[in-house]
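Thank you all for coming. Please have a look at the sequence and the model on the screen, and then I will walk you through some parts of the structure, one after another.

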Amino acid sequence: MLHSAVLNVMIKAAHRAGRSLKRDLGEVEQLQVSVKGPGNFVTAADRRAEEIVREELAKARPAYGFLGEEGGVREGSDKTHRWIVDPLDGTTNFLHGIPHFAVSIALERGGAIVAGLTYNPANDELFVAERGKGAFLNNQRIRVAARRRVGDAIVGCGLPHYGRGDLRLSRYEIAAAQQNFAGLRRYGSATLDLAWVAAGRLDAYWERDLSPWDMAAGVLLLREAGGFATDLDGGEAIFAKGQIAAGNETMHRELVRLLREAGKEAAAPAAIAEAK
């Protein structure tokens, strides 16, 4: 299929960074058995991948701003355009030699995401979307699953670590999901989870405590595949709140409802304790 010039730039950057990460993955698998471990090596691989992406994008669009997980904000002379990049989403997977990670690149124009891609170099799956042009996996059109029965749904989620995130709330949310959905999955890469919902592999997905680079490309992929994405309250503050609920119309609506009810249950005992 034919891509726009800007999407071709993004694809070239993702492929180049992906080749670097795939080579590094082989090294990580060897370092797993060493006493020192692969931690420092993976940190360097992450930063190297971001620099590769930034370099490729800057060659084609030098005036655009840049927001990266590793390098932070770099202002551009063109204030209406900004790249949003996660060079290695799924770092923990990568650290353990698990081939489920991705390069994520999105283009923001005037505050709206207009192009995005998610690329897993381990299996060479490239998900791309441009606003108003649909979503694709390796040049094949993708759509969200048409499933309507909540009891048949497989749902992706995030799991907060101890000391990071609301563990109590998470337990209530997971319990609600377990009681209503056919199964839960925690894969460890937000951008791939969103791409998988877009491709119909997952029926829905939710997670808290995310950053813009975790979601920017995935939100566009999902919406261009016919899906719905909001914050966990059903609003539009996905990036401001750092949280997302996604799925087809039915699954998204039911997921938001369940999460809202779980939130009320989680808050009730705490409210009673405060009143005492």
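Let me begin with Leu7, which touches Gly116, Val128 and Glu130 when residues up to four places away in sequence are not counted, where contact means heavy atoms within 4.5 Å. Before I go on, I should say that this is a predicted model, in which local features need pLDDT of at least 70 and side-chain atom pairs count only at pLDDT 80 or more, while totals for chains, interfaces and linings use all residues. Residues are numbered from 1 along each chain as its sequence is written, and side-chain values use heavy atoms, with hydrogens and water left out.

Leu7 sits in helix α1, which covers residues 5–31; helices here are DSSP runs of H or I with at least four residues, strands are runs of E with at least two, and both are numbered from the N terminus. Is Leu7 buried or exposed? Leu7 is buried, with a relative accessible area of 2%, and the terms are set so that buried means under 20% relative accessible area, exposed means over 50%, and partly exposed lies in between, using a 1.4 Å probe and protein chains only.

Now to the sheets. Strands of a sheet pair through backbone hydrogen bonds, either parallel or antiparallel, and in what follows two strands pair if DSSP finds at least two bridges between them.

One open sheet has eight strands in the order β2-β1-β3-β4-β5-β6-β7-β8, and its pairing is mixed. At its edges stand β2 (72–74) and β8 (140–141), each with a single partner strand, so one side of each is left without a neighbour in the sheet. Within this sheet, strand β6 (residues 125–130) and strand β7 (residues 135–137) run antiparallel and are joined by three bridges, with Phe127 standing opposite Leu137 in β7.

The other sheet I want to show is an open one of five strands, with the order β10-β9-β11-β13-β12 and mixed pairing. Here β10 (183–185) and β12 are the edge strands, each with a single partner strand, so one side of each has no neighbour in the sheet. The twist from one strand to the next averages 15°; for this and for the angles that follow, axes are lines fitted to C-alpha atoms, for helices over the stretch in contact, and angles run from 0 to 180 degrees between N-to-C directions.

Which strands does β13 pair with in the antiparallel sense? Strand β11 (residues 204–207) is joined to β13 by four bridges, and Ala204 has Gly247 as its bridge partner in β13, whereas strand β12 (residues 228–230) is joined to β13 by three bridges, with Thr230 opposite Ala245. By contrast, β9 and β11 pair in the parallel sense over three bridges, and there Cys157 stands opposite Trp206 in β11.

In a regular strand the side chains alternate between the two faces of the sheet. In β13 (residues 244–247), Ile244 and Ala246 are on one side and Ala245 and Gly247 on the other, and all are buried, which leaves both faces covered. Both faces of β11 are covered too, with Ala204 and Trp206 buried on one side and Tyr205 and Glu207 buried on the other.

Next come the helices. Helix α5 (residues 190–198) packs on the five-strand sheet, touching β9 (154–157), β11 and β13, and its direction makes about 155° with that of β11. Helix α6 (residues 212–224) lies across β1 (64–68), β3, β4, β5, β6, β7 and β8, running at about 100° to β5. Eleven of the 13 residues of α6 are buried, including Trp213, Met215 and Leu220, and after α6 comes Gly226, whose phi is positive, near 90°.

I will finish with helix α4 (residues 167–180), whose 14 residues reach 20 Å from the first C-alpha to the last, close to the 20 Å expected at 1.5 Å a residue; the expected span is 1.5 Å times one less than the number of residues. Which residues of α4 are buried? They are Leu169, Ser170, Glu173, Ile174, Ala176 and Ala177, and they cover an arc of only 160° around the axis, which puts them on the same side of α4, the arc being that of the directions from the helix axis to the C-beta atoms. On the other side of α4, Arg171, Gln178 and Gln179 are exposed.
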